[in-house]
Amino acid sequence: MYIKLPEDVDYIITRLTEYGYEAYAVGGCVRDSIICRVPGDWDITTSAKPWEVKKLFRRTVDTGIEHGTVTVMMGNEGYEVTTYRIDGEYEDSRHPKNVEFTSNLGEDLKRRDFTINAMAYNYSQGIVDMFDGKGDIERKIIRCVGNPEERFTEDALRMLRAVRFSAQLGYEIAEETADAVKKLAGTISKISKERIHTELNKILLSDHPDYLMKAMELGITEIVFSALNDLPDKETAMKLLIRLPKELVYRYGAVLFELGKKRTVAVLRELKLDNNTIDNTGRLVDMHGMEITEDKPLIRHQASSCGAAMYEMVLRFEYEFYMAADDRNKAMALKKQEALFKEILENGDCLTLKELAVTGNDLIEAGIHPGKEIGNILKSMLDDVLNTPEHNTKKYLFDNHLHI
């Protein structure tokens, strides 16, 4: 099978081989090329030692030199070039205590996680596939290289990665691999929350986010995402998850909406997600179950409470929720509500204090002392304008809300 290598990758491999070393593109880039996906990055493995790699290229970065990795810079792009290695004993279910460099490609490939990620390629040798990765791609199977218990004992995160690759590719997890996950799931507690949420995010943003249930069936979520196990209506949550756009706020909201805002925020903080995702998911969940209405003043008040951009997300979320719950009447009512909100936006109706015709400085100039009273007056004015947009003029608001 022919794989078209990027020009920079071909150059790095060619230069290494010209100086007597072996070199191959390896791992996910080979897998993705076989299944006709565009690789996100290109990694290279070589028999050259790190210091030998550094001698051959003008610009390099020691990104992981103690483990054999040097990043070769080609223009603004960096390519990780890693020496064939044999991993030493794993003491923390994540990192080897030491690594031993080797000149044997097979030794390097057999330490990798799954067969579909243990293939190498260059133009002269073609695909090197010692563990039938191509066969597993054809069978749509995620299978560990060698003994799955050994692979998961080396790196517990691989158990969640098995589910992630399954979700991204739509593959099943091989029986022996799944059995090993069930046996060792508890060890994933040793992995950092940051690495765990990275894998969870990739599952949720995949084409099969409902494969998150596989993680539950295998005992993983009990350790790293127990909120999923607590959902009273997992079926509706999974239907909703599939229907929503590939955005973390939507998809975490789909999984957690039944738990309420307070617990949703607590769960996402425990996972150490970024504050923006936590805050917006919390707001989305908080708005779930809002009143469905064709009353424009109420719609403006709802939108004002969370912001126009979030309100658009809420409307989409609520529509997809009722579709997932087979309540088409409410779903269609939400479509009408969405159309009314679009009219509100097109009309330029005031929804926030920033859009109000009167500012705090205006009130101070009118003789109102700075402090709580200004806030109360502005809030009263905004409530008025949300009910009647035509009232958003300085004259009207001064005449009807200032009693000096």
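Me: How many helices and strands does the protein have?
Reply: The protein has 22 helices and 11 strands, where helices (H or I, at least four residues) and strands (E, at least two) are DSSP runs numbered from the N terminus. This is a predicted model, in which local features need pLDDT of at least 70 and side-chain atom pairs count only at pLDDT 80 or more, while totals for chains, interfaces and linings use all residues. Residues are numbered from 1 along each chain as its sequence is written, and side-chain values use heavy atoms, with hydrogens and water left out.

Me: Why is the protein called more spread out than a compact globule?
Reply: The radius of gyration, taken over C-alpha atoms, is set against a globule rule of 2.2 Å times the number of residues to the power 0.38. For 404 residues that rule gives 22 Å, whereas the protein has 28 Å, well over the rule, and it is therefore described as more spread out than a compact globule. Along its principal axes, the C-alpha trace spans about 90 × 50 × 40 Å.

Me: Why is T45 called buried?
Reply: Buried means under 20% relative accessible area, exposed over 50%, and partly exposed in between, with a 1.4 Å probe and protein chains only. T45 has 1% relative accessibility, so it counts as buried. This residue is found in strand β2, residues 43-46.

Me: What makes the link between T45 and T82 a polar contact?
Reply: A polar contact is a pair of N or O atoms within 3.5 Å; within protein, one must be able to donate a hydrogen and the other to accept it, and residues adjacent in sequence count only if both atoms are side-chain atoms. The side chain of T45 reaches the backbone oxygen of T82 at 3.3 Å. Leaving aside residues up to four places away in sequence, T45 also touches residues including Y24, L105 and R112, a contact being heavy atoms within 4.5 Å.

Me: What makes F225 a buried residue?
Reply: F225 has 2% relative accessibility, so it too counts as buried, although its place is in the loop between α11 (221-224) and α12 (226-229). Among the residues that F225 touches, not counting those up to four places away in sequence, are Y252, V255 and L256.

Me: How do you know that helix α14 is mostly covered?
Reply: In helix α14, residues 248-256, 9 of its 9 residues are buried, and these include Y252, V255 and L256. Across the protein, buried residues make up 51% of the 404 residues.
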